[in-house]
Amino acid sequence: MGNGEFECEQYHRVEMPKPKPCFKSLTSSLKETLFPDDPFRQFKNQPISRKFILGLQYFIPILEWAPRYTFGFFKADLIAGITIASLAVPQGISYAGLANLPPVIGLYSSFVPPLVYAMLGSSKDLAIGTVAVPSLLISSMLGKQVHPSENPQLYLQLVLTATFFAGVFQASLGFLRLGFIVDFLSHATIVGFMGGAATVVCLQQLKGILGLVHFTHQTDLVSVMTSIFTQIHQWRWESGVLGCCFLFFLFLTRYFSKRKAAFFWINAMAPLTSVILGSVLVYLTHAEKHGVEVIGQLKKGLNPVSLSELAFDSHEHLTIAIKTGVICGVIALAEGVAVGRSFAIFKNYQIDGNKEMIAFGMMNIAGSCTCCYLTAGPFSRTAVNFNAGCKTAVSNIVMATAVMITLLFLTPLFHYTPMVVLSSIIISAMLGLIDYQAAIHLWHIDKFDFAVCLSAYVAVVFGSVEMGLTIAVAMSLLRIVLFVARPKTVVLGNIPNTVIYRSVDQYTSANNVPRILILHINAPIYFANASYLRERISRWIDEEEDKSKGSSGVGLQYVILDMSAVGSIDTSGTSMLEEVKKNMDRRCLKLVFANPGSEVMKKLERSKMIDNIGQEWIFLTVGEAVSACNFMLHSCKPKAKAIEYENEASDCNV
């Protein structure tokens with residue numbers, strides 16, 4: 001049928017996009033995938049010398065903001081840095097114990113990595129330090145290969161090696177602009193996984209609270225509870241009472257700080273206060289002689305160089321070190337970037353995810369060479385930094401300086417620090433990661449997301465941390481597959497007195513157009529969903545024809561596919577459309593396209609589908625398509641359904 005059939009109305013033609021060379025098209029696609037933020041925009045029309053300076057500032061952000069740094073900023077950063085240092089010292093010691101490492105390693109990890117991040121990071125608020133969940137992951141994954149107490153030297157080497165590979169992986173993601181990989185950890189996944197890991201961490205700390213010497217190395221709930229209740233006779237009441245008292249103190253300070261936001265520093269100082277009070281109490285009462293375990297002697301001095309300790313030549317253990325590094329690196333990266341972005345929103349500035357990955361990677365590579373284990377941007381420390389009024393990353397430098405002074409002069413003061421206080425600090429911090437309100441929110445909004453969250457939590461608590469992570473990611477990927485393989489298709493109807501067409505399920509006022517079926521495909525058409533869409537379109541047609549059998553008059557004549565949401569199509573998709581066209585020809589129906597995009601038009605032309613369906617049956621909008629169909633219905637007599645088409649180009653074909 002030619003365009004002359006529609007002379008009574010003027011319709012807008014869907015134009016074919018201008019052809020692009022293959023190389024240019026490929027380059028454009030790669031640029032859009034890897035450089036959506038267009039980082040090269042600032043280099044346009046700049047002299048070589050300026051480009052060099054901008055390049056340095058891009059990779060080393062401190063060079064960009066340091067010239068504008070003021071004394072007013074320094075005063076704010078000094079207060080914030082000292083505040084987070086008071087939290088960093090006890091947390092560093094505590095989390096090192098969680099990773100089955102000597103306490104001083106936790107202090108080392110709060111010295112070098114924050115200095116590196118201050119130079120390379122793009123967040124003004126992120127406070128760098130050790131993180132609980134990766135610490136637990138390290139101990140659970142590497143502890144199965146090498147026992148920390150039986151072979152502490154090899155275990156430390158594997159931890160440093162895992163930290164090195166975590167840094168290499170993180171930096172590679174940033175340099176290769178592959179940060180979107182981290183996005184596969186959905187919000188529901190992180191909520192469930194973090195909550196489960198926090199629960200496991202709290203259960204593990206019952207060893208310190210109850211003063212137990214022997215404890216299971218498994219992390220699941222059943223093993224931990226079995227280990228606790230089979231050793232009731234070895235519980236130390238002195239340790240239990242001390243632990244409960246400090247837990248109550250920490251919870252009380254947190255509650256008071258939440259009630260009065262101006263007194264956030266009380267909660268921030270509580271861990272260090274607990275350490276001081278616990279140490280004084282143990283020293284005065286000689287509680288270490290009555291079953292209260294203490295830290296003992298801490299090595300004095302700054303970080304030793306540990307490049308030679310990296311176990312690259314240990315082929316037996318290298319695989320597990322790489323695996324641990326990659327998994328822990330992803331978790332630390334996801335948490336750190338998410339935390340940085342969250343606080344950046346409050347101050348109305350942007351952080352560059354790829355720069356953050358490079359900064360995280362470089363600080364962990366540097367850390368692995370200076371006796372540090374995996375670090376990131378923990379939420380608790382960053383929240384304290386933000387509330388303390390930090391202005392720039394200099395607060396990390398101040399914190400690192402305070403830790404340096406501690407390493408040089410103050411480590412003997414921690415000799416009498418009771419382990420039960422460290423367990424209390426960890427439990428207090430971890431309970432804040434069990435975000436039950438977020439889980440309830442997921443239940444109200446999306447049941448599948450809630451199922452992902454709950455699955456991750458249950459798998460971590462009753463299985464293992466690795467199992468929980470695997471199940472959560474697998475369920476998130478399953479959802480992606482379901483979205484791609486089973487896209488939504490809806491029937492559109494006309495909103496009365498308008499040329500607007502919307503889903504008849506969503507809009508009760510939308511009316512079906514007589515003898516015309518309008519289908520909206522809400523996804524790209526790929527090999528994964530082509531068969532489903534073919535069957536779904538056929539089913540819609542069958543249902544529409546069944547409805548028309550019971551009514552008087554002529555039944556279905558036209559099927560309009562609204563392709564406005566079809567961003568792309570592959571060869572399986574074009575083949576599917578050809579099959580749909582043939583099926584409709586057999587049914588004496590006419591297939592019409594509305595608003596196909598440029599990529600779709602290219603594929604339709606190359607597959608000869610446009611010639612098959614006819615350029616005149618491709619419309620710019622659904623409204624124009626319906627208008628053209630109605631024009632044909634009222635100006636031609638439809639043939640009987642039993643008669644097949646003999647000449648598709650003849651008049652009144654439909």
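A disulfide is a pair of cysteine sulfur atoms within 2.5 Å. The exercises below concern a predicted model.

**Exercise 1.** Determine how many disulfides the structure holds, and examine cysteine 244 and cysteine 371 in this respect.

*Solution.*
Step 1. The number of disulfides in the structure is 0.
Step 2. For cysteine 244, the nearest cysteine sulfur belongs to cysteine 245 and lies 7.0 Å away. The cut-off is 2.5 Å, and cysteine 244 is in no disulfide.
Step 3. For cysteine 371, the nearest cysteine sulfur is that of cysteine 372, at 7.1 Å. Cysteine 371 is likewise in no disulfide.

**Exercise 2.** Classify cysteine 244 and cysteine 371 as buried, partly exposed or exposed.

*Solution.*
Step 1. Buried means under 20% relative accessible area, and exposed means over 50%.
Step 2. Cysteine 244 has a relative accessibility of 48%, so it counts as partly exposed.
Step 3. Cysteine 371 has a relative accessible area of 9%, and therefore it is buried.

**Exercise 3.** Describe the surroundings of strand β5 (residues 516-521) and identify the bridge partners of histidine 520 in β3 and β6.

*Solution.*
Step 1. Of the 6 residues of β5, 6 are buried, so the strand is largely enclosed by the rest of the structure.
Step 2. One side of β5 carries Ile516, Ile518 and His520, the other Leu517, Leu519 and Ile521; all are buried, and both faces are covered.
Step 3. Strand β3 (residues 489-494) runs antiparallel to β5 and is joined to it by 3 bridges. Here valine 490 is the bridge partner of histidine 520.
Step 4. Strand β6 (residues 558-562) pairs with β5 in the parallel sense, over 5 bridges. In β6, aspartate 562 is the bridge partner of histidine 520.

Technical notes:
Residues numbered from 1 in each chain as written. Predicted model: local features only at pLDDT ≥ 70, side-chain atom pairs only at ≥ 80, totals over all residues. Heavy atoms only, no water. Buried < 20%, exposed > 50% of the residue type's maximum accessible area, 1.4 Å probe, protein only. Helix = DSSP H or I, 4+ residues; strand = E, 2+ residues; numbered from the N terminus. Pairing = 2+ DSSP bridges.
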